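Trainee: I would like to learn how to read a protein model step by step. Could you take me through one slowly?

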Amino acid sequence: MMEFARGVFRVLNMRCCEHAELLSRQMDAPLPAGEAVGLRLHLIICAGCRRFREQTRQIRTLAMGWMRRDVESGEPMPREARERIAATLRADRGTSRS
């Protein structure tokens with residue numbers, strides 16, 4: 001019981017960027033019960049983290065759709081799309097260093 005309470009309070013005292021990491025981890029595997037409850041409580045009060053969770057879910061859904069489409073059709077993602085994605089990633093890396 002104490003471990004559960006520690007998990008809840010630890011998560012509630014995190015900054016939003018740390019909650020984003022938890023949300024990402026939660027997509028891959030279940031969190032310990034205390035962390036999961038703490039995260040749910042934080043999401044009740046934090047619109048930014050709720051928005052991040054929803055955006056992350058949408059990205060994951062879209063990516064899974066692309067993967068399924070590529071597997072089913074046997075065709076890779078169009079070259080133009082890959083180039084646009086690569087250019088956007090390069091541009092984002094350049095702006096995050098500033």
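Mentor: We will go from the overall fold to the helices, the core and the surface. Please keep in mind throughout that this is a predicted model.

Trainee: Which elements does the protein contain, and in what order do they run?

Mentor: A good habit is to list the elements before looking at any residue. Here there are five helices and zero strands, and from the N terminus on the order is α-α-α-α-α.

Trainee: How much of the protein counts as buried?

Mentor: Of its 98 residues, 20% count as buried. The protein exposes about 7,600 Å², and carbon and sulfur atoms supply 60% of that area. You can also ask how far apart in sequence the contacting residues lie: among contacts between residues at least 6 apart, 51% join residues at least 24 apart.

Trainee: How should I read a single helix, and which residues of α1 are buried?

Mentor: The general idea is that an α-helix has 3.6 residues a turn, so residues three or four places apart point the same way. In α1, which spans 2-12, the buried residues are G7, V8 and V11. These residues lie on the same side of α1, because they cover an arc of only 95 degrees around the axis. The face turned away from that buried side carries the exposed residues M2 and F9.

Trainee: What covers the buried residues of α1?

Mentor: The cover includes α2, which spans 16-28, and also α3.

Trainee: Is E35 buried or exposed?

Mentor: A residue with under 20% relative accessible area is called buried. E35, which is placed in helix α3, counts as buried because its relative accessible area is 10%. If we leave aside its neighbours within four places in sequence, E35 is in contact with G7, V8, R10, V11, L22 and R25, and G7, V8 and V11 are the buried residues of α1 that we listed earlier.

Trainee: Which residues form the largest nonpolar core?

Mentor: That core has ten residues, namely V11, M14, L22, L23, L31, A36, L39, L43, C46 and C49. Both α2 and α3 supply at least two residues each, and α3 gives the most, with three. To see how one member is placed, take L22: apart from its neighbours within four places in sequence, L22 is in contact with V11, M14, L31, E35 and L39.

Trainee: Which residues form a nonpolar patch on the surface?

Mentor: Nonpolar side chains can be looked for on the surface as well as in a core. In this model F9, L12, L41, I44 and I45 form such a patch, with about 530 Å² of accessible area together. Two helices, α1 and α3 (33-45), each supply at least two of its residues, and α3 gives the most, with three. One of the patch residues, I44, is found in helix α3, and I44 is exposed because its relative accessible area of 62% is over 50%.

Trainee: Where is M1, and how far is its C-alpha atom from that of G34?

Mentor: M1 sits in the segment before α1 and counts as exposed, because its relative accessibility is 81%. Although M1 and G34 are 33 residues apart along the chain, their C-alpha atoms are separated by 9.2 Å, and this is a useful reminder to check positions in space as well as positions in sequence.

Definitions and conventions:
Residues are numbered from 1 along each chain as its sequence is written. This is a predicted model: local features need pLDDT of at least 70, side-chain atom pairs count only at pLDDT 80 or more; totals for chains, interfaces and linings use all residues. Side-chain values use heavy atoms; hydrogens and water are left out. Patches are made of residues with over 30% relative accessible area and no salt bridge: like charges are joined within 9 Å, nonpolar side chains (Val, Leu, Ile, Met, Phe, Trp, Tyr) within 5 Å. Accessible areas come from the Shrake-Rupley method with a 1.4 Å probe; for residues, only the protein chains shown count as cover. A salt bridge is a side-chain nitrogen of Lys or Arg within 4 Å of a carboxyl oxygen of Asp or Glu. Helices (H or I, at least four residues) and strands (E, at least two) are DSSP runs, numbered from the N terminus. Buried means under 20% relative accessible area, exposed over 50%, partly exposed in between (1.4 Å probe, protein chains only). The arc is that of the directions from the helix axis to the C-beta atoms. Contact means heavy atoms within 4.5 Å. A nonpolar core is a set of buried Ala, Val, Leu, Ile, Met, Phe, Trp, Tyr and Cys residues joined through side-chain atoms within 4.5 Å.
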